[in-house]
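Trainee: I should like to take a close look at a single part of this structure, please.

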Amino acid sequence: MRKSLNILWQDELLRRYTLKQNHNRQDFEDLRSADWKYYLPNSNCKSALVFGSGLGTVPIALADYYKNISVLDSDSEKISLLKSRTKFHPSANINTFLKSSIKKLPFRSKSFDLVFWNADNSFDSSLSIQNLTKHISNYVKDDGVLCMSLQNYYSLVDRVSFSSRLINNSSIKLNQCRSLLNKFSFELICILSPLPHFKGIPLFYVPIDNSDCLNYFLRVLSVRLLGISPELKQSYKFEYFFTKIIIMVCKILPLGSIIKYFLPGYMIIAKKIKNDS
Amino acid sequence: MIPEIKNFLLINWKKIVPDYPVPSDISFLGIPGAGEGGTVTFLLFIDSKNYPLFAIKVYRDNYFPNRAKTEAVILKRLESIPIIASNVPRLIYKSLFGKNRILIQSILDGQAMTITIGKYNLPPSKIVKHHFELVTNWLIELGQQTRHYNLNENYFYSIINNAKRIFKFSEKEQFFLIEIENNLKNIVSYGSVIEHGDFCRQNILLMDDINNPKINIIDWSDSKIDGIPISDLLIFLTTYLLKLRKKTGVAGLIETFELTFFQSNPFSTNVWKAINNYIKNFKILKSDLPFLLGVIFLNQACYEYSKLKYASLQGTLPGFTLSLVESENDSVEDAIKRIPWYYFFQSLVKQYNKDFFFSKNKNA
């Protein structure tokens, strides 16, 4: 059975992290791995719900701001990894839940200030993006924030490297975002494209709903991406190579029509509109 | 934090940016930058403008609170020097948001200084010469405009003693440290200048107008009011080729350092021309140059170590250090001591002989 490059990479990271934990060695992350957190509000930070523990980066980064964090995952290995990682963050109040589905959860609706959907999860693969959003957005308080890390439906690289199951479950079309969020009473704060890859360590967060930002990135900033250290190039060989091609192609061809095929994923941040009823 | 900053800006827009009408929307393009830099920059776009209006620099944490304060003071100071002011960001606003200090700065024009590797694994001499001349002349101007005599021998002793506490030195290196101490009187006599602290290509924006080529300098997070003269030039020359090297890890760092300073090639010729030009202007004795370089490398190494030590206590490290943990099979405690500047110091001592420095400086 063909397993995607990206999943292999995630597995390898998980194996290494777990090995370190077994030897009681503290794991270390790149300082930049959670810089998306600056895009979230840092006031009214009481409770957060995270779908998908991943390697623990998201809940641990949120623990700097949120007093109580509930984390759900269907993988017991990832849950135990997070538990052991929180040992090194004694002030973090993180509760974990092993759940295979997001459909029936032990939480009241509108009970979290932040709900974070981490693309690195394997919940309910049969759910459409609409149904998935409907389920998770239910837990967001009025004026609370929904943050979803999703793959780009059109992304060529993900179509090559991910299995079709994951493409259907955790991906979205850019033009879908706004209407989808409006449907569930959210107003968009921003849609970011973390580059070179949303699952790696982003070197840029480009607000994709603003074409001026994207053009500026390609015209002026992209050259910085090519000037990274050889160590970083080696760590992200695949993403680096692919991003280099994106930049070259986008400089030659009209941007609007093709860019959607080259962005690996999005981070969508939206605020729930207060519902007086 | 961004939603709060956005609200704050919209409410206070007329006070902060009086030249522009209040925008209907604001977007923020995030640039995490190098991990060890300790800052994240957000470029701010308003309405349908196709260039950013200004940059918001967020200091990741409050462990080095003086960094933000010093940067603000230095930018204000540079703003008052007409010949320098247009080449550095203008400080628009500073504030504290939650735990994070932020500085709002103007945007400078120009493209990042890029270079490619050509024949014999070296960059094209013509471009190198052009870059080096622009940089050296600008640094000479900065030095002349900001020179003071505020450093004393104790400052240099503290660098050396701090380095001794952190790093291990061979017998030859210890002897070299004694030589530095013996020459401190001269080193102190060269005074102090405002130092950028991270004067590498990525922070230099090139405005290549044929009639009036110039450079703009961004990211003053590591700047110092009383820096050591020639420090910025040395950082620039040492790091010029570092990111283009093919070989990774410590071996790659040392190889590039030796190619830059100690091997005979067209690139190192340009390097020494730039150094000679600088020391001539500041009347630095050629016999003091190795000790000045040594103490600058140690100062950089200690500063980097303090940042890495703090980051490691928070459970995070820059990508480069993490890659060393893997490639050199280190413990994290050892890896945070594997600082490029420490290796450059070792390499300097290894290559050090007085005749070499005199021959390289015969035209000074």
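Which residues have the most contacts inside the largest nonpolar core?

Mentor: This is a predicted model, in which local features need pLDDT (the predictor's confidence in each residue, from 0 to 100) of at least 70, side-chain atom pairs count only at pLDDT 80 or more, and totals for chains, interfaces and linings use all residues. Residues are numbered from 1 along each chain as its sequence is written, chains are lettered from A and ligands numbered from 1 in the order in which they are written, and side-chain values use heavy atoms, with hydrogens and water left out.

A nonpolar core is a set of buried Ala, Val, Leu, Ile, Met, Phe, Trp, Tyr and Cys residues joined through side-chain atoms within 4.5 Å; buried means under 20% relative accessible area, with a 1.4 Å probe and protein chains only. In the largest such core, of 93 residues, the most contacts belong to B:W138, B:F167, B:I180, B:W220 and B:F236. Helix α11 of chain B (residues 289–313) supplies the largest share of this core, 12 residues; helices are DSSP runs of H or I, at least four residues long, numbered from the N terminus.

Consider B:W220 in particular. Apart from neighbours within four places in sequence, its contacts (heavy atoms within 4.5 Å) include B:W138, B:L142, B:I74 and B:L75, and also B:K57, B:E71 and B:H196. A second, separate core has 49 residues, among them A:F112, A:I172, A:V220 and A:Y266.

Regarding confidence, chain A has an average pLDDT of 78, and 72% of its residues score at least 70. Over residues 1–10 of chain A, however, the pLDDT is below 50, and this stretch has 19 contacts in the model beyond near neighbours in sequence.

Conventions: Buried means under 20% relative accessible area, exposed over 50%, partly exposed in between (1.4 Å probe, protein chains only). Helices (H or I, at least four residues) and strands (E, at least two) are DSSP runs, numbered from the N terminus.
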